[in-house]
Amino acid sequence: MMDLYIQKIQDYLSGYKPNFGSDDVHSLLVMLYYIYTEQNPVNSESIHRTEESLRSYMRELTIAEDDIVFDLLCDLYMHNEQAAFLEGAKIGTRLMIELFERPPLPE
């Protein structure tokens, strides 16, 4: 009986395209990532040291080249951060499923 309800929900959702408020956001999980990173920016000393090391090499570039390299590095950082966040959420969800599927351990 539960499978029938789940199938009806999946059928409904397959024909429904929600508006997440941005063309870059196509799922609730990605929306959660953007909200989380907005509220919890990564701003560590090691990141600042790495950026400064990069800047020493980038000083050799023209301003236009520097902008291109910096934008590419920011994109790379953001994509890696997002992939790690999404994978962590999926692993955490799987852990919850496994914990609730297992019978309680004997005392």
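Does Leu73 count as buried, partly exposed or exposed, and at what relative accessibility? Some notes on that and on what surrounds helix α4, bearing in mind that this is a predicted model.

1. Leu73 first. This leucine sits in helix α4. Its relative accessibility is 30%, so Leu73 counts as partly exposed, given that the partly exposed class runs between 20% and 50%.

2. Leu73 also has company at the surface. Together with Leu54, Leu61, Val69 and Leu76, Leu73 makes up a nonpolar patch there. The accessible area of these residues together is about 350 Å². Helix α4, which spans residues 63-101, supplies the largest share of the patch, namely three residues.

3. Now the packing of α4 against α2. For two packed helices, the description to give is the angle between the axes and the distance between them. Here the axes of α2 (residues 28-39) and α4 come within 10 Å, crossing at roughly 120 degrees. The crossing of α2 past α4 is right-handed. On the α2 side, the contact is made by Leu29, Val30, Leu32, Tyr33, Tyr34, Tyr36 and Thr37. From α4 come Met78, Glu81, Gln82, Phe85, Leu86, Ala89 and Lys90.

4. Have a look at Gln82 while you're there. Gln82 belongs to helix α4 and is one of the residues making the contact with α2. Leaving aside residues up to four places away in sequence, Gln82 touches Val30, Tyr33 and Tyr34. Its relative accessible area is 14%, so Gln82 is buried, the cut-off for that being under 20%.

How values were computed
Residues numbered from 1 in each chain as written. Predicted model: local features only at pLDDT ≥ 70, side-chain atom pairs only at ≥ 80, totals over all residues. Heavy atoms only, no water. Patch = residues over 30% accessible without salt bridge, like charges linked within 9 Å, V, L, I, M, F, W, Y side chains within 5 Å. Areas by Shrake-Rupley, 256 points an atom, 1.4 Å probe, with all protein chains shown as cover. Salt bridge = Lys/Arg side-chain N within 4 Å of Asp/Glu carboxyl O. Helix = DSSP H or I, 4+ residues; strand = E, 2+ residues; numbered from the N terminus. Buried < 20%, exposed > 50% of the residue type's maximum accessible area, 1.4 Å probe, protein only. Axes fitted to C-alpha atoms, helices over the stretch in contact; angles between N-to-C directions. Left-handed = near helix turned anticlockwise from the far one by under 90°. Contact = heavy atoms within 4.5 Å.
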